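Subject: Structure handover

Dear colleague,

Please find the structure below, together with its sequence. My findings follow directly after it.

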Amino acid sequence: MINNLYDGHPITGRLKKSLALAVLAGLLLTGCGGKQAAVEPASAATSTATGTAAASIAIPGVVGLTLDKATDQLKGLGFKVEAKDIVDGKSIMLEKNWQVMTQDPASGATAAKGSTVRLGVKSLDKIAAEKAAAEKAAADKAAAEAAAAAKAAADKAAADKAAADQAAAAKAAADQAARDAAAKAAAEQQAAQKFVQAPAPAPAAPATAYYANCTAAKNAGAAPLYRGQPGYSSSLDRDGDGVACER
């Protein structure tokens with residue numbers, strides 16, 4: 001009821017309007033401040049993230065380099081280096097006598113400055129010895145293969161010669177058999193011809209045969225007479241050749 005009494009008063013009305021404007025202004029100021037406070041942390045986070053990204057660096061590949069060169073390259077980019085003999089676990093004295101075989105993190109990975117890159121190394125003497133052993137093994141293998149090829153060629157040549165000798169022997173045997181067959185056939189043919197052409201043997205003369213002359217011997221069918229044959233007589237063998245009454 002009291003407020004109703006002052007509603008129509010001109011001063012009281014202006015005061016209420018002033019208070020309302022002040023409250024509204026305060027609300028606006030409070031909203032802007034909160035908004036600004038909300039924005040500022042995001043900007044700070046963006047700035048921090050950008051700084052972190054800028055600190056990450058791509059790690060170069062150093063596998064295959066000598067340890068001294070790999071170390072210089074990595075330290076030049078702000079990395080720490082740890083090297084370890086991955087073969088015998090020996091202590092590393094002169095870095096130039098060692099070669100990088102592995103690296104962790106790998107080439108292309110990113111890491112912040114001050115991070116440690118771990119390198120697995122092998123001594124150059126070990127690498128040289130392994131290379132010499134590999135070359136010797138390759139040479140031995142090549143020599144063994146060459147020897148095997150030479151033996152195979154020699155065995156083939158020997159087999160070919162044996163086959164050729166066997167074929168030649170078989171041919172020679174066949175040729176000899178053919179010659180023997182031809183000679184046998186010729187001998188048989190000659191024997192047959194002699195058998196056909198040979199005169200019939202003269203009838204044997206009696207053991208006491210005696211011929212007064214060749215006419216008597218011929219009439220008896222005993223001529224010619226050969227020395228030692230019954231009826232032969234030197235008187236009938238005029239030319240003394242051992243054959244009497246041959247004419």
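Setting aside residues within four places in sequence, Ile127 makes contact with Gln99, Met101 and Lys122. Please bear in mind that this is a predicted model.

Ile127 belongs to helix H4, which covers residues 124-197. Its relative accessibility is 23%, so Ile127 is classed as partly exposed, given that the partly exposed class lies between 20% and 50%. Between the C-alpha atoms of Ile127 and Trp98 the distance is 9.2 Å, with a separation of 29 residues in sequence.

Lys122, one of the contacts of Ile127, is located in strand S5, residues 116-123. Lys122 has a relative accessibility of 13% and therefore counts as buried, the limit for that class being under 20%. The side chains of Lys122 and Glu130 are joined by a polar contact of 3.1 Å. When residues up to four places away in sequence are not counted, Lys122 touches Val87, Trp98, Gln99, Met101, Ile127 and Glu130. Gln99 and Met101 thus appear in the contact lists of both Ile127 and Lys122.

As to confidence, the chain has a mean pLDDT of 82, and 73% of its residues reach 70 or more. Residues 1-12 have pLDDT below 50, and this stretch has two contacts in the model beyond near neighbours in sequence. The pLDDT is also below 50 over residues 32-53, a stretch with zero contacts beyond near neighbours in sequence. Where pLDDT is low, the predicted coordinates should not be interpreted in detail.

Yours sincerely

How values were computed:
Residues numbered from 1 in each chain as written. Predicted model: local features only at pLDDT ≥ 70, side-chain atom pairs only at ≥ 80, totals over all residues. Heavy atoms only, no water. pLDDT = per-residue confidence, 0-100. Contact = heavy atoms within 4.5 Å. Helix = DSSP H or I, 4+ residues; strand = E, 2+ residues; numbered from the N terminus. Buried < 20%, exposed > 50% of the residue type's maximum accessible area, 1.4 Å probe, protein only. Polar contact = N/O pair within 3.5 Å; in protein donor to acceptor, adjacent residues only side chain to side chain.
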